[in-house]
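Here are a few notes to go with the model. Have a look at it first, then read on.

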Amino acid sequence: MDVTDESFQADVLARSATVPVVVDLWAPWCGPCTTLGPMLERAVAATDGAVELAKVNVDENPRIAQSFAVQSIPAVFALREGQVVDQFIGALPEAQVAAFVQKLAPPPSEADTLVAAGDEASLRRALELEPAHTVATEGLARLLIERGEPTEALVVLARIPETPAGRTLAAEARLLGRGVEVAGADGTEVEARLNELLERVRDDEAARQEFLDLLETLGAADPRTNGFRRALATRLF
């Protein structure tokens, strides 16, 4: 993610309490920065979410650079629980960059290994070991939805804090529970249903929830989503 002076507290310091964050301080005019940046991105991507990367343009965000007492760039800092635990200045060979990042990534747990198997028994066992394991929870919910068990899928998802993927899964489960077909969301049927629900969203809570769930399954990238969200706001406010 790109981090600013204003978002640094939430996106880096607070976030590092949950997952290690690598902070890459760079500038567009810095040649070594443009070489190092993609290396860091590849190394962090290889951790599958175990480490996150925050990129800081020091020209646009001088307060962050000052807080690290940076005198030259590229400068890279690794933070865990709000504290710097490792750092380096200047460009390094890609193998050293990968090793720097990999040291921050915790080794896979037994639950992680079970999740990689992907079958229902493994996912349930993973959740016995780590009840708040997000990937296991979402994987099990997906299997339950595909098997036509939306109520249990919602119970499973309710055990963890909401995530973007979990929010979409919950919407699919609720729609399935109402007998609403979402597989054809790319066709005109969903638009007809949304228009029908739009006439009832003000006074009918169930219609409003179904409308929101359909938009969630469409996704933010669908060009219809913003238009229907505006139409909903017009009806409600």
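The points below deal with one helix and then with the main pocket.

1. A reminder before anything else: this is a predicted model, so please read every value below as computed from it.

2. Start with helix H6, which spans residues 120-129. Its buried residues are Ser-122, Leu-123, Ala-126 and Leu-127. Looking down the axis of H6, you'll find them within an arc of 135°, so the buried residues line one face of the helix. Turn to the other side of H6 and you get Ala-121 and Glu-128, both exposed.

3. What lies over the buried residues of H6? The cover includes helix H5 (110-117) and helix H7 (134-146).

4. Worth zooming in on the N-terminal end of H6, where Asp-119 acts as the cap. One of the side-chain oxygens of Asp-119 sits 3.3 Å from the backbone nitrogen of Ala-121.

5. Now the largest pocket, with a volume of about 710 Å³. Its lining is made up of 24 residues. Nearest the centre are Thr-47, Asp-48, Gly-49, Ala-50 and Asp-112.

6. Which elements give two or more residues to that lining? They are H5 and H7, and both helices also help cover the buried residues of H6. H5 provides the largest share, at three residues.

7. As for the character of the pocket lining, twelve residues are nonpolar, seven are polar and five are charged.

Note on methods:
Residues numbered from 1 in each chain as written. Predicted model: local features only at pLDDT ≥ 70, side-chain atom pairs only at ≥ 80, totals over all residues. Heavy atoms only, no water. Buried < 20%, exposed > 50% of the residue type's maximum accessible area, 1.4 Å probe, protein only. Helix = DSSP H or I, 4+ residues; strand = E, 2+ residues; numbered from the N terminus. Arc of directions from axis to C-beta. Contact = heavy atoms within 4.5 Å. Polar contact = N/O pair within 3.5 Å; in protein donor to acceptor, adjacent residues only side chain to side chain. 1 Å grid on protein atoms, 1.4 Å probe; cavity = no way out; pocket = protein on both sides within 12 Å on 5 of 7 lines; lining within 4 Å. Points joined across faces, edges and corners; volume = space filled by probe spheres on them. Nonpolar A, V, L, I, M, F, W, Y, C, P; charged D, E, K, R; others polar.
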